[in-house]
Amino acid sequence: MAIAAMYEERYTVSENVKNLHDIIIKSVSELSWSIQEEKDNKIIAVVESGMLSWGEKVVINKLTDNEISIVSKCSLPIQFIDYGKNRKNVESLIEKIKYYEEHPEEVEKFDSESLHNRPALWNPVAAVGISLLFSSILGAWIHAINWRALKNDDMAKKSMYWMYGNIAFLILAILLGWNISILFLVTIAWYLVLGKKQINYIREGNLGYKRKSWGKPVLILLASWFCLFLISSMFSGSSDVNLVKGGVIGNYKSLTVGEAFDNCSSFKSTSWESFKAENGRKVVQFDGNFVLNDNYKKAGIEKVVLTIQFVVNRDDSFNIQYMELACSGKNKQGKEQIEKEKVVNYVRVLSAIYDNGNVLPALLNSTAKAVAVEQILDGQY
């Protein structure tokens, strides 16, 4: 059975208690919670995130002079299971309140102003958790802002330098086609070198702080990863194209694929693109638009295109998967028509391209049915 992500309980102090508000503030301080809002009849405290929760918000409402309601609720709206954390929060607060009921002298010595003067920070532990999922760029930035609030400019600069270096490394990884999962190792290194220092600094110094909202960092994170996805998609495709264009195929090692195909005089224009097939394989497609003489134009042929598809393998090798000839124009009846024919003799076509010869005749003798372009357009097989 799922445990509710919210827990509520009422508590009544003895009638002799005259400073209930101060007792609550002192109790919250001793629990190392942060005060988010404080009014005469309402106090909102924030509990740090941990292994079982992304943090909780505790609302204390003063119902009468001696009765309060305490509601603990998970800060993350989608966390429907809290493993008893909210109940523990409420019970811990009540336990503290009971203690200070019996020891009012400790409340009188408490300086509530020190609580309000605490620095506003983002939870450094949560920043590390987010970094493990998304990279240390955001975590380093959050820690840098925290260090500034703690008036430690030296550590703030080191965190910012790490963020800039991580951004540069990420761009390099995208350009070189590295596996992005390597960023996880970079994040581990950041935690060991810088990240844990802030966590230890706050814990060992028993420093209380005001909790800052995660709205801004989360929006920055989502926007950054959306931009990264777009950039990665663009560069991923171009890197595959560059891989094929810069490589050699078969026994044709005197020229790269790009040099041979783009400089072949038989083509009026060439274009390259990459995409993923339905089975997930990466494909680079070349389209060569042929130069046509007057005989073709008189026959109603307006365009002839050679399409060659290369499959990029996991080891960055590649091979030809498919070759096709597509003709478009008007047949003898004046009807617009497009016909496509599979090329079966790759060697003959490649030889013509690399020799910078007349590729089209080689193609017409290499199609599955070995038919002329005019016959294709006329539909005469």
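Contact means heavy atoms within 4.5 Å. The exercises below use that cut-off on a predicted model.

**Exercise 1. The chain as a whole**

Task: State how many helices and strands the protein chain has, what percentage of its residues count as buried, and what percentage of its contacts between residues at least 6 apart join residues at least 24 apart.

Solution.
- Step 1. The protein chain holds 14 helices and 12 strands.
- Step 2. It has 381 residues, and 42% of them count as buried.
- Step 3. Take the contacts between residues at least 6 apart in sequence; 57% of these join residues at least 24 apart.

**Exercise 2. Helix α5 and its ends**

Task: Find which residues of α5 are buried, then describe N123 at the start of α5 and S135 just after α5.

Solution.
- Step 1. Helix α5 covers residues 124-134. Its buried residues are P124, A126, A127, V128, I130 and S131.
- Step 2. Look at the start of α5. A side-chain oxygen of N123 comes within 2.9 Å of the backbone nitrogen of V125.
- Step 3. Move just past α5. There S135 has a positive phi of about 105 degrees.

**Exercise 3. α5 against α6**

Task: Classify the packing of α5 and α6 as roughly parallel or roughly antiparallel, and list the contact residues.

Solution.
- Step 1. Read the geometry. The angle is about 165 degrees, and the axes lie 7 Å apart.
- Step 2. Apply the cut-off: angles over 145 degrees count as roughly antiparallel. The pair α5 and α6 is therefore roughly antiparallel.
- Step 3. Give the hand. The crossing of α5 and α6 is left-handed.
- Step 4. List the contact. α5 supplies P124, A127, V128, I130 and S131, while α6 supplies S136, L138, G139, I142, H143 and N146.
- Step 5. Sort by class. The contact of α5 with α6 has six nonpolar, five polar and no charged residues.

**Exercise 4. α5 against α8**

Task: Classify the packing of α5 and α8, and sort the residues of their contact by class.

Solution.
- Step 1. α5 and α8 pack at about 175 degrees, with axes 9 Å apart.
- Step 2. That angle makes α5 roughly antiparallel to α8.
- Step 3. From α5 come P124, V125, V128, S131 and L132. From α8 come F184, T187, I188, W190, Y191, Q198, I199, I202 and R203.
- Step 4. The contact of α5 with α8 divides into 10 nonpolar, three polar and one charged.

**Exercise 5. α6 against α8**

Task: Classify the packing of α6 and α8, give the hand of the crossing, and list the contact residues.

Solution.
- Step 1. Helix α6 spans residues 136-149 and helix α8 spans residues 183-204. They pack at about 25 degrees, with their axes 11 Å apart.
- Step 2. Angles under 35 degrees count as roughly parallel. So α6 is roughly parallel to α8.
- Step 3. The crossing of α6 and α8 is left-handed.
- Step 4. α6 contributes S136, G139, A140, H143, N146 and W147, and α8 contributes V186, T187, W190, G195, K197, Q198 and Y201.
- Step 5. By class, the contact of α6 with α8 has five nonpolar, seven polar and one charged residues.

**Exercise 6. Positive phi in two loops**

Task: Give the phi of K151 and of N356, then place each residue in its loop and state its exposure.

Solution.
- Step 1. Recall the background. Most residues other than glycine have a negative phi.
- Step 2. K151 is not a glycine, and its phi is positive, near 60 degrees. K151 sits in the loop between α6 and α7. Its relative accessible area is 74%, so K151 is exposed.
- Step 3. N356, also not a glycine, has a positive phi of about 55 degrees. N356 lies in the loop between α12 and α13. Its relative accessible area is 40%, so N356 is partly exposed.

**Exercise 7. Three single residues**

Task: For S27, N289 and L76, decide whether each is buried, partly exposed or exposed, and describe its surroundings.

Solution.
- Step 1. The cut-off for buried is under 20% relative accessible area.
- Step 2. S27 belongs to helix α1, residues 20-30. At 0%, S27 is buried. Beyond residues up to four places away in sequence, S27 touches L93, K96, I97 and Y100.
- Step 3. N289 lies in strand β9, residues 282-290. At 13%, N289 is buried. Leaving aside neighbours within four places, N289 contacts S266, F267, K268, S269, K303, V304 and V305.
- Step 4. L76 is in the loop between β5 and α2. At 31%, L76 is partly exposed. W54 is 22 residues from L76 along the chain, and their C-alpha atoms are 6.3 Å apart.

Conventions: Residues numbered from 1 in each chain as written. Predicted model: local features only at pLDDT ≥ 70, side-chain atom pairs only at ≥ 80, totals over all residues. Heavy atoms only, no water. Buried < 20%, exposed > 50% of the residue type's maximum accessible area, 1.4 Å probe, protein only. Helix = DSSP H or I, 4+ residues; strand = E, 2+ residues; numbered from the N terminus. Polar contact = N/O pair within 3.5 Å; in protein donor to acceptor, adjacent residues only side chain to side chain. Axes fitted to C-alpha atoms, helices over the stretch in contact; angles between N-to-C directions. Parallel < 35°, antiparallel > 145°, perpendicular 65-115°, else oblique. Left-handed = near helix turned anticlockwise from the far one by under 90°. Nonpolar A, V, L, I, M, F, W, Y, C, P; charged D, E, K, R; others polar.
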